[in-house]
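Visitor: I have a few questions about this structure. Shall we go through them one by one?

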Amino acid sequence: MKIDKAEVIVTSPDRNFVTLKLTTDDGLTGLGDATLNGRELAVVAYLTEHVVPLLLGRDAQNIEDTWQFLYRSAYWRRGPVTMAAISAVDVALWDIKAKAAGMPLYQLLGGASRTGLLAYGHASGKSLPEVFASVNSHLEQGYKAIRVQTGVPGLESIYGIASNKGLPGNEGVRYDHEPAQRGALPAEEDWDTRAYLRHVPTVFEAVRNEFGPELPLLHDGHHRMTPIQAAQLGKSLEPYDLFWLEDCTPAENQEALRLVRQHTTTPLAIGEVFNSIWDYQQIIREQLIDYVRSAVTHTGGITHLKKILEFAGQYQIKSGMHGPTDISPVGMAAAMHLGLAIHNFGIQEYMKHGDKTNAVFEQSYSWNNGMLHPGNKPGLGVELDVDEAGKYPYATAYLPYNRLADGTVHDW
Ligand code: CS2
Ligand code: MG
């Protein structure tokens with residue numbers, strides 16, 4: 001079963017997506033998500049110029065060998081672009097292998113370890129009434145776990161607050177937070193950590209009083225605090241029993257988590273900007289996190305993320321796979337198949353894609369009563385309508401960045 005064709009498909013229905021489509025000489029096809037938000041074309045070039053020529057004629061069945069070949073023969077290892085490219089190849093090959101076997105991918109990964117996947121959605125608001133309304137709307141949509149992001153008095157626009165602007169062509173329809181904004185330059189946002197640290201605990205106190213003690217609540221610190229500020233926030237949120245505090249401090253400095261752990265028992269989730277097992281070695285071995293946040297799309301595919309999660313499982317650390325709208329339906333399906341099969345599944349992030357995206361990517365995964373399931377079609381269960389995709393050419397879009405009051409660039 002030789003790889004006969006490799007296409008890199010770029011489309012921008014509600015936002016930019018990059019998809020690798022492999023076809024074998026006996027007509028089987030496989031899809032892999034290679035979307036790297038705000039840097040999509042770098043992965044397109046890496047795939048088109050450097051990876052596709054190496055794939056043609058290769059045996060599609062040798063997934064591990066192809067992974068090692070792409071990782072080691074490149075000489076230059078790791079990094080978001082390389083690992084997103086390798087991930088797309090890996091997932092496309094798993095899609096093909098499961099189709100060849102005539103079974104849904106999770107069956108090939110060891111079968112189902114649960115009946116479905118608990119998922120969390122993104123509630124947000126500039127003010128408390130907006131936050132309450134957003135939590136209610138997510139409960140009505142069936143979510144059983146909710147991430148809460150809030151505006152901060154004195155700050156114009158900050159990460160994670162849904163806009164009422166709506167999507168292009170869907171103006172005015174409230175849309176969950178899509179960080180990448182179309183335009184020639186990234187938007188600049190302002191930030192003040194002390195104002196944020198004063199305000200966030202008051203919001204979680206109010207949300208707990210309003211919605212009770214059981215509802216799993218999550219919060220994303222989005223890499224903005226110093227280790228001691230992260231410790232401070234973790235501690236001040238303890239009374240509100242969070243499911244997790246995510247990306248509380250930039251994680252390049254893995255030791256930073258030791259200081260946070262010393263001061264708080266709030267569970268910690270990290271890893272959406274990681275892209276290899278080496279980014280996790282210390283924080284898993286030293287039990288400094290409770291959830292692995294990596295997405296299949298950004299961490300070398302199913303082959304590599306499965307190894308990270310098996311390593312994490314030895315430390316009772318669970319999965320919490322990244323699942324915002326910049327993970328395409330192909331990447332989401334891969335996450336669901338892996339999530340259903342592994343033992344140490346924790347929770348799955350699930351932001352719903354827009355209508356145009358759902359028309360481009362035909363999906364067989366389901367969302368029911370707060371639980372996701374990858375479906376039982378052979379393979380990943382997602383197909384891409386190339387003609388539909390062709391309607392939406394790439395549109396430059398950048399993630400915003402932050403500046404402090406004195407003009408210093410800060411983590412966004
Ligand atoms: C976020 C993302 O979903 C999350 O947890 O951190 O929204 C993140 O900002 C985007 O994926 C960046 O592309
Ligand atoms: Mg995050």
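Guide: First, a term: a polar contact is a pair of N or O atoms within 3.5 Å. Note also that this is a predicted model.

Visitor: Which side chain has an N or O atom 3.2 Å from an oxygen atom of ligand 1?
Guide: The cut-off for a polar contact is 3.5 Å. A pair at 3.2 Å falls within that cut-off, and the side chain that supplies the N or O atom is His322.

Visitor: How far is an oxygen atom of ligand 1 from an N or O atom in the side chain of His222?
Guide: His222 is among the residues that come nearest to ligand 1, along with Asn37, Glu272, Arg293 and Glu349. Asp326 also offers a side-chain N or O atom, at 3.0 Å from a ligand 1 oxygen. For His222, the distance is 2.8 Å.

Visitor: What share of the accessible area of ligand 1 does the protein cover?
Guide: There are 15 residues around ligand 1. On its own, the ligand has 330 Å² of accessible area. The protein covers 94%.

Visitor: Which residues coordinate the magnesium ion (ligand 2)?
Guide: Look for one OD donor and two OE donors, at 2.0 to 2.2 Å. Their spacing along the chain is D-x25-E-x25-E. The residues are Asp220, Glu246 and Glu272.

Visitor: Where in the chain do Asp220 and Glu246 sit?
Guide: The pair links distant parts of the chain, 26 residues apart. Asp220 lies in strand β8 (residues 217–220), and Glu246 in strand β9 (residues 244–246).

Visitor: Is Glu246 buried or exposed?
Guide: Buried means under 20% relative accessible area. Asp220 meets that cut-off at 2%. Glu246 has 0% relative accessibility, so Glu246 is buried.

Visitor: Which helix gives the largest share of the largest nonpolar core?
Guide: That core has 116 residues, and Leu22, Ile284, Val292, Val296, Ile302 and Leu338 touch the most other members. Twelve of the core residues come from one helix, residues 80–101, which is α3.

Visitor: Which residues does Leu338 touch, not counting residues up to four places away in sequence?
Guide: Contact here means heavy atoms within 4.5 Å. Among the partners are Val296 and Ile302. The full list is Leu109, Val296, Ile302, Leu305, Lys306, Leu309 and Met321.

Visitor: What do the buried residues of α7 pack against?
Guide: Helix α7 spans residues 227–237. Its buried residues are Gln229, Ala230, Ala231, Leu233, Gly234 and Leu237. They pack against α6 (193–211), β9 and α8 (256–263).

How values were computed. Residues are numbered from 1 along each chain as its sequence is written. Chains are lettered from A and ligands numbered from 1 in the order in which they are written. This is a predicted model: local features need pLDDT of at least 70, side-chain atom pairs count only at pLDDT 80 or more; totals for chains, interfaces and linings use all residues. Side-chain values use heavy atoms; hydrogens and water are left out. A nonpolar core is a set of buried Ala, Val, Leu, Ile, Met, Phe, Trp, Tyr and Cys residues joined through side-chain atoms within 4.5 Å. Buried means under 20% relative accessible area, exposed over 50%, partly exposed in between (1.4 Å probe, protein chains only). Helices (H or I, at least four residues) and strands (E, at least two) are DSSP runs, numbered from the N terminus. Donors are N, O and S atoms within 2.8 Å of the metal (3.2 Å for Na, K and Ca); water is not among the atoms, so sites may look incomplete. A residue is near a molecule or strand if one of its heavy atoms lies within 4 Å of it. A polar contact is a pair of N or O atoms within 3.5 Å; within protein, one must be able to donate a hydrogen and the other to accept it, and residues adjacent in sequence count only if both atoms are side-chain atoms. Accessible areas come from the Shrake-Rupley method with a 1.4 Å probe; for residues, only the protein chains shown count as cover.
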